[in-house]
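Open the model in your viewer and switch to a cartoon view with side chains available. The stops below go from one selection to the next.

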Amino acid sequence: ILYTLGQLSDEGHVYAGEEQLVKTAGQLLEAGETAIRDTLAGMLQAEDLILDKDAIYLPPFYHAECGTSRRLRDLAESTGRSLFDGLFDPSSLTAETGIEYDEVQLAAIRQAVTSKVMVLTGGPGTGKTTTTQGIIAALKKAGLRVLLAAPTGRAAKRMSEATGMEAKTIHRLLEVEWDKHDRPQFSRNARNPLDAQAVILDELSMVDITLFSSFLEALPIGCRLVMVGDSDQLPPVGAGNVLHDMIASGIIPVVELTEVFRQAME
């Protein structure tokens, strides 16, 4: 049964429904349904697995998912929302960035200085990078210490080149060390949070639930979080579909860029 849930997590699933699990385990193990159901009941009683309504989880995924939603709520509800007293005009940032922003991009920058947590999404060429530059300029104008992160070395390099600031992979930002089983142990966590007042996380569509949970644990309460990604991209290799689920929840402010600038320029 653990193997079956492991196989399902390799396909991206955080949990399995009971009937799905019994059926899949039966096919994989060529075992009888009664034996599987009896074993499953014993594992739930021993808390080797966790049942939430009709969803059956491996404990690490359950704690990662619950921890993620709790941490996002705590960050979103922490004090000190708007960074600027009175009306802030993001178009004043054009002088600093050299970029003319359209109305939706200006709305995204406004959202970043008035919300503690937000998502910026849009397809290729819609101006996510230029909007991110405006958000960084606004956060710096407010005097915040801003850190940049991305899930892969290539994405971090692209982010660095686009913004002129150092961007680190999530693993490097959290100061990872690998144990003898090749599992990540992060030096930055709830007891030793990052020294940041705002973090911008790019390419969120590539981040799975366990890495995202560890990332959120390392953010100090009061930190602002701007998450950038294209929800139409393929989900991450690991379990979970973090960006898609956050947008679908309707709880976190989302600004979606739709106008394709890259093709218009060409």
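Helices, here and at every stop, are DSSP runs of H or I with at least four residues, numbered from the N terminus. The model is a predicted one.

**Stop one: the end of a helix.** Select G164, which comes just after α8 and takes a positive phi of about 75°.

**Stop two: the helix itself.** Now select residues 153–163, which make up helix α8. Which residues of α8 are buried? They are A155, A156 and M159. Because these residues cover an arc of only 100° around the axis, they lie on the same side of α8. In an α-helix there are 3.6 residues a turn, so residues three or four places apart point the same way. Colour R154, K157 and E161 next: they are exposed, on the other side of α8. To see what covers the buried residues of α8, add the strands β5 (146–150), β6 (167–169) and β9 (198–201), which are among the covering elements.

**Stop three: a strand with two faces.** Go to residues 254–257, strand β11, and show the side chains, which alternate along the strand. V255 and L257 point to one face and are buried. V254 and E256 point to the other face and are not buried. Next, add residues 117–122, strand β4. β4 and β11 run parallel and are joined by four bridges. To find one pairing by eye, select T121 and E256: E256 in β11 is the bridge partner of T121.

**Stop four: a three-stranded sheet.** Select β1 (15–17) and β2 (50–52), then strand β3, residues 55–57. In what order do the strands of this open sheet lie? The order is β1-β3-β2, and the pairing is antiparallel. β1 and β2 stand at the edges with a single partner strand each, so one side of each has no neighbour in the sheet. From one strand to the next, the twist averages 30°. Strands of a sheet pair through backbone hydrogen bonds, either parallel or antiparallel. Between β2 and β3, the antiparallel pairing extends over three bridges. Pick I50 to locate one of the pairings: its bridge partner in β3 is Y57.

**Stop five: a loop residue.** Finally, select S91, in the loop between α4 (59–77) and α5 (94–97). Its relative accessibility is 33%, so S91 counts as partly exposed, a class that lies between under 20% for buried and over 50% for exposed. Draw a distance from the C-alpha atom of S91 to that of D102: the two are separated by 9.1 Å and are 11 residues apart along the chain.

Notes: Residues numbered from 1 in each chain as written. Predicted model: local features only at pLDDT ≥ 70, side-chain atom pairs only at ≥ 80, totals over all residues. Heavy atoms only, no water. Pairing = 2+ DSSP bridges. Axes fitted to C-alpha atoms, helices over the stretch in contact; angles between N-to-C directions. Buried < 20%, exposed > 50% of the residue type's maximum accessible area, 1.4 Å probe, protein only. Arc of directions from axis to C-beta. Contact = heavy atoms within 4.5 Å.
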